[in-house]
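Open the model in your viewer and keep the selection tool at hand. We will go from stop to stop, and at each one you select something and look.

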Amino acid sequence: MRTARFTLDPAFIIGEVNARIFGSFVEHLGRCVYTGIFEPDHPTADEAGLRTDVLELVRELGVTAIRYPGGNFVSGYKWEDSVGPAEDRPRRLDLAWRSTETNRFGLSEYIDFLRKVGPQSEPMMAVNLGTRGVAEALELQEYANHPAGTALSDLRVSHGDKDPFGIKLWCLGNEMDGPWQTGHKTAQEYGRIAAETARAMRQIDPGVELVACGSSSQSMPTFAAWEATVLEETYDLVDYVSLHAYYQPENGDIDSFLASAVDMESFIENVIATADHIGAKLKSKKKINLSFDEWNVWYISEWHAIENSGARDWAEAPRLLEDNYSVTDAVVFGSLLIALLRHADRVTVACLAQLVNVIAPIMTEPGGPAWRQTTFFPFAQASKYGRGEVLDVRVDSPTYDTKKYGETDLLHATAVRAADGTVTVFAVNRSRTDALPLEVALNALELTTVTEHTALADADPDARNTLAEPERVVPHPVAGTAVADGTLTAVLEPLSWNVIRLA
């Protein structure tokens, strides 16, 4: 195998990592909330019904902004149902996931959960622009954020929450381009209601940060035209445009699946180009940043089979979308993280969808244990070590052929320089059969030591963590990685996610 190479130089920087890039997502879908983060009868539950075993794993995962309450769920959401005494809250039909929502976990419980996760986490609240509109968004904002002295802020106080929730980051609806969305709109229709909602919310608080809905995927027939139309209406009123993307192997094509980040990077760059075109057209000096607020590996074809079977029956917290992730999935997942970091100059919010049980890094059993999926480890490592400046990485790599993306690099990599001068290299070897030699020139970085090299890899690419074997797959140390004469040398195992820390 030919050696893969790249050069790191502190003079060439992509941008500073925004902590919000390590966000996640809690939706009222399946068991994400109920028996996921909230299970009052669980042996580990605290006085508020939150599973403390899950809280510990969420802290270890290192998530920051947590988007709530959806997702598709938000387009039928009545925020008033989720506040006040839990015993008085109404049960509702959730059209998005054909489930029954009890509203036992609501807005106050969500804020309490965030506070218990820790100061690194912050709310990212979505408003319903599917079946509701400007008035309801303003009412929610007043209830959540106004200190006191008005009907809705005093209602919050009467519910036991004296202090405002301080929600700064708001999503203006969800996937409004999608025909599956309750209250689906054309780009023109959505652009107008998003603009009016944004304008009104800024009258309450000029400092709110607002996310306009972009396309639900790059494959949508309206992609790019949707962004252009929406941004023409909202450019001066919003701070972000959203992107959503999920990946799975198609027709057993694992090689293309391993190259999924090629599509993710293309998606990011195309949205940047579209946003900047509208900015130029409007003669604006402002730059719209990107909120990649749904991303993951998701075996969505399996969900569609269930969805089309007619088997769903308005159950409470049914087991939906509980994908069990393999080593192969985790390597692709790590590559998607690399893609986000490689665009840290414009992707300043990102949310792994979702946090617990539903296509999630954390799994639970009702009344039983919680455990880490294979995808837990790349995210936790990236959140821990991926803070600082992203260095410009341009690889010279052996390639392989894929049906979907053509000739593709076997190496996918990025590097982050921390404030103390240490550097962490994140690298994926996409080869399923061969180890990949790596050389990195460390120009002017004064790095002399490899403090750690770990890899997530396994002789069985289908190995995974389960209730029966919760620690079957964990990162392991890699020997032989070294720095000499200003060059890092390493060997990346076949089909592996690698973290190399340098000092």
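## Start at a bridge

Select V241 and L290. In β11, L290 is the bridge partner of V241. Keep in mind that this is a predicted model.

Now add V347. This residue, in β12, is the bridge partner of L290.

Show the strands around these residues. β10 and β11 pair in the parallel sense, over 7 bridges. β11 and β12 also pair in the parallel sense, over 4 bridges.

How many of the 9 residues of β11 are buried? Colour the strand by accessibility to find out. The count is 8, so β11 is mostly covered, with buried meaning under 20% relative accessible area.

## Go round the barrel

Select the strands in this order: β3-β4-β7-β8-β9-β10-β11-β12. They form a closed barrel of 8 strands with parallel pairing. Neighbouring strands of this sheet are turned against each other by 30° on average, direction ignored.

Next, select helix α10, residues 327-341. This helix packs on the sheet. α10 touches β10, β11 (289-297) and β12 (347-353). The direction of α10 makes about 175° with that of β11.

Move to another pair in the barrel. Select β7, residues 122-127, and β8, residues 169-172. These strands pair in the parallel sense over 4 bridges. Zoom in on A126: C171 in β8 stands opposite.

## Look into the largest pocket

Which residues lie nearest the centre of the largest pocket? Select S217, Y246, W298, I300 and H304. The whole lining has 42 residues. Four elements give two or more residues to this lining: β10 (240-247), α7 (254-258), α8 (260-281) and α9 (300-307).

The space in this pocket is about 940 Å³. Colour the lining by class. You should find 20 nonpolar, 13 polar and 9 charged residues.

## Find the cavities

There are 3 cavities of 30 Å³ or more. We visit two.

For the largest cavity, select H28, L29, G30, E101 and A317. These lie nearest the centre, among 14 lining residues. The space inside is about 90 Å³. Strand β6, residues 99-101, gives the largest share of the lining, with 3 residues. By class, the lining has 7 nonpolar, 4 polar and 3 charged residues.

For the second largest cavity, go back to A126. Here A126 is one of the lining residues, along with Y77, W79, V127, N128, R132, G133, E136, A137 and L140. Two elements give two or more residues to this lining: β7 and α3 (134-145). α3 gives the most, with 3 residues. The space is about 70 Å³. This lining divides into 6 nonpolar, 2 polar and 2 charged residues.

## Visit helix α1 and its cover

Select α1, residues 52-61. Its buried residues are D53, V54, L55, L57, V58 and L61. What covers them? The cover includes α2 (107-117), β13, β14 (370-372) and α11 (376-385).

Step just past the end of α1 to G62. This residue takes a positive phi of about 85°.

Now select I362, in strand β13, residues 362-364. Is I362 buried or exposed? I362 counts as buried because its relative accessibility is 0%, and the cut-off for buried is under 20%.

Show the contacts of I362, leaving out residues up to four places away in sequence. I362 touches L57, V58 and L61, which are among the buried residues of α1. The other contacts are L355, V356, N357, W371 and F376.

Draw a distance from I362 to P123. The two are 239 residues apart in sequence and 20 Å apart in space, C-alpha to C-alpha.

## Last stop: a buried loop residue

Select S326. Where does this residue sit? S326 is in the loop between α9 and α10. With 4% relative accessibility, S326 counts as buried.

Show what surrounds S326. Leaving aside neighbours within four places in sequence, S326 is in contact with T374, P461, D462, A463 and R464.

Note on methods:
Residues are numbered from 1 along each chain as its sequence is written. This is a predicted model: local features need pLDDT of at least 70, side-chain atom pairs count only at pLDDT 80 or more; totals for chains, interfaces and linings use all residues. Side-chain values use heavy atoms; hydrogens and water are left out. On a 1 Å grid over the protein atoms alone, a cavity is a set of points where a 1.4 Å probe fits but cannot get out, and a pocket is an open set with protein on both sides within 12 Å along at least five of seven lines; lining residues have an atom within 4 Å of a point. Grid points are joined across faces, edges and corners, and a volume is the space filled by probe spheres set on the points. Ala, Val, Leu, Ile, Met, Phe, Trp, Tyr, Cys and Pro count as nonpolar, Asp, Glu, Lys and Arg as charged, and the others, Gly among them, as polar. Two strands pair if DSSP finds at least two bridges between them. Axes are lines fitted to C-alpha atoms, for helices over the stretch in contact, and angles run from 0 to 180 degrees between N-to-C directions. Contact means heavy atoms within 4.5 Å. Buried means under 20% relative accessible area, exposed over 50%, partly exposed in between (1.4 Å probe, protein chains only).
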